[in-house]
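Open the model in your viewer and keep the selection tool at hand. We will go stop by stop, selecting a few residues at a time.

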Amino acid sequence: MHCALYQSGTCRSCQWLETPYAQQITQKQQQLEVLMSALPVGRWLPVVSSVEQAFRNKAKMVVSGSVERPLLGMLHRDGTAVDLCECPLYPDAFAAVFDTLKVFIARAGLTPYNVERKRGELKYLLLTESQKNGQLMLRFVLRSETKLAQLRQALPWLQQQLPQLAVITANIQPVHMAILEGETEIFLTEQQALEESFNQIPLYIRPQSFFQTNPQVAAALYATARDWVRELNVSSMWDLFCGVGGFGLHCATPEMKLTGIEISAEAIACATRSAQKIGLHNVQFAALDSTRFATAEGEVPELVLVNPPRRGIGAELCAYLSTMAPQYILYSSCNAQTMAVDIARLENYRIEQVQLFDMFPHTAHYEVLTLLVRQDR
């Protein structure tokens, strides 16, 4: 993939860009095998690769410059701003949206936040696209509500220019730190979620709910989990750290009892809505801490699926899973290092199969799906 920003040295976020993509895949697989070398693997499945560019459905843009000439992109540590509107990781349609947003910032008088001076109002623009219908969710991250009335007044012009903007919000982030968003989310449109669809499963994206940034590979990951679970023929399942329910909703059947747990109430609202649309009635989603839920629940399902953040599931949940001993554990990980540590703690389980999904081309990151089977003594 050619990137003018990388070639000029202004952005080096894609650290592996100079490595041919086929070689990137090979290196990631080799790294994963080294990490799991002390853990016997029953079967390695082929890597699921990605397209090399235009695969991201989301842009997180720092707003800098002036109100008349805003820059959308990132800031180097020395404060130098880099405009990323031409980043080849974004869909081609994003460039025109960014151009319109720059004009809108000036029209609305949204002064970009100056980190050094601690002045200004507009900190970030967060843009997400639905692959299902091309609709967009736009979030203005503001320092305060000072410019909210101006934003509302100018919004009709923006909606006329960009009719694909279905969800628009203002997020209030008052802290002078590199924190992407605050707790307060103010909806500026009647619609509050983007509708997405992976493998004919409806999913919903709300402003503060996590959603994968590479839809093509995410769809393959969910479909693979579904296929593996169907082969197990289980009747009960927990989906821990479930997010908007992508894994559980793919794996569930009308007869299966599914419980999905996620700390984010926004994500749980999305998962519940999807289950209702599909017509799944033997399903329960709850906004709880996954570890606390698991250690307090008396019933043992046949399958526990975990999809934790980069820190992994940790020693406490590993110990409890070892004690409760479900027949199967399906572990989806965005950090193979912590996954390997967790699996080593699950001494009564053997690794049936492992597959790498290249969710993040041109970087060292990737997703892994691992099926663990209890070893009955």
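**Stop 1: strand 1**

Select residues 58-65, which make up strand 1. This strand is mostly covered, with six of its eight residues buried. Keep in mind that you are looking at a predicted model.

Now add residues 122-129, strand 4. The two strands run antiparallel and are joined by five bridges. For one point of pairing, pick K60: its bridge partner in strand 4 is L126.

Next add residues 70-75, strand 2. It pairs with strand 1 over four bridges, again in the antiparallel sense. Show S64 and look for its bridge partner in strand 2, L71. How many residues lie between strand 1 and strand 2 in their hairpin? There are four.

**Stop 2: an open sheet**

Move on to the sheet with the strand order 12-11-10-13-14-16-15. Seven strands form this open sheet, and their pairing is mixed. Which strands stand at the edges? They are strand 12 (283-287) and strand 15. Each has a single partner strand, so one side of each is left without a neighbour in the sheet. Turn the view along the sheet: neighbouring strands are turned by 15° against each other on average, direction ignored.

Select residues 328-333, strand 14, together with strand 16. Six bridges pair them in the antiparallel sense. Show L330 here; L371 in strand 16 stands opposite.

Now bring in helix 7, which packs on the sheet. The helix touches strand 11 (257-262) and strand 12. Compare directions: that of helix 7 makes about 165° with that of strand 12.

**Stop 3: salt bridges**

Side chains of opposite charge can pair when their charged atoms come close. The count for this model comes to twelve salt bridges. Three of them follow.

Start with D358 and K28. Their closest N and O atoms are 2.5 Å apart. Zoom out to see where the partners sit in the chain. D358 is in the loop between strand 15 (349-357) and strand 16 (367-374), while K28 belongs to helix 2 (residues 21-35). The bridge thus links distant parts of the chain, 330 residues apart. Are these partners buried or exposed? D358 is buried, at 0% relative accessibility. K28 is buried too, with a relative accessible area of 0%.

Select E181 and R139 for another salt bridge, with closest N and O atoms 2.9 Å apart. E181 lies in the loop between strand 6 (165-172) and strand 7 (184-187). R139 is in strand 5 (residues 136-142), and 42 residues separate the two. E181 is partly exposed at 26% relative accessible area, whereas R139 is buried at 5%.

Then show E195 and K277. The closest N and O atoms of this salt bridge are 2.5 Å apart. E195 is in strand 8 and K277 in helix 7 (residues 265-278), 82 residues apart. With 19% relative accessibility, E195 counts as buried because the cut-off is under 20%. K277, at 48%, counts as partly exposed. Add K132 to the selection: salt bridges that share partners join K132, E195 and K277 into one network.

**Stop 4: aromatic rings**

Switch to ring side chains. A search of the whole structure finds nine aromatic pairs. Take the tilted pair of F198 and Y222. The centres are 6.0 Å apart and the planes make 35°. F198 sits in strand 8 (residues 194-198) and Y222 in helix 5 (residues 215-232). This pair links distant parts of the chain, 24 residues apart. Both partners are buried: F198 has a relative accessible area of 3%, and Y222 has 7% relative accessibility.

Which residues do ring pairs link into a cluster here? Select F198, F211, Y222 and F247 to see the whole group.

**Stop 5: charges over rings**

Finish with two places where a charge meets a ring. Select R12 and Y6: R12 lies over the face of Y6, at 4.0 Å from the ring centre. Then select K123 and Y113. Here the charged end of K123 sits over the ring of Y113, 4.8 Å from its centre.

Definitions and conventions: Residues are numbered from 1 along each chain as its sequence is written. This is a predicted model: local features need pLDDT of at least 70, side-chain atom pairs count only at pLDDT 80 or more; totals for chains, interfaces and linings use all residues. Side-chain values use heavy atoms; hydrogens and water are left out. Rings of Phe, Tyr and Trp (its six-membered ring) pair if their centres lie within 6.5 Å; planes under 30 degrees apart count as stacked, over 60 as edge-to-face and the rest as tilted. Buried means under 20% relative accessible area, exposed over 50%, partly exposed in between (1.4 Å probe, protein chains only). A charge sits over a ring if NZ of Lys or CZ of Arg is within 6 Å of the ring centre and within 35 degrees of the ring normal. A salt bridge is a side-chain nitrogen of Lys or Arg within 4 Å of a carboxyl oxygen of Asp or Glu. Two strands pair if DSSP finds at least two bridges between them. Axes are lines fitted to C-alpha atoms, for helices over the stretch in contact, and angles run from 0 to 180 degrees between N-to-C directions. Contact means heavy atoms within 4.5 Å.
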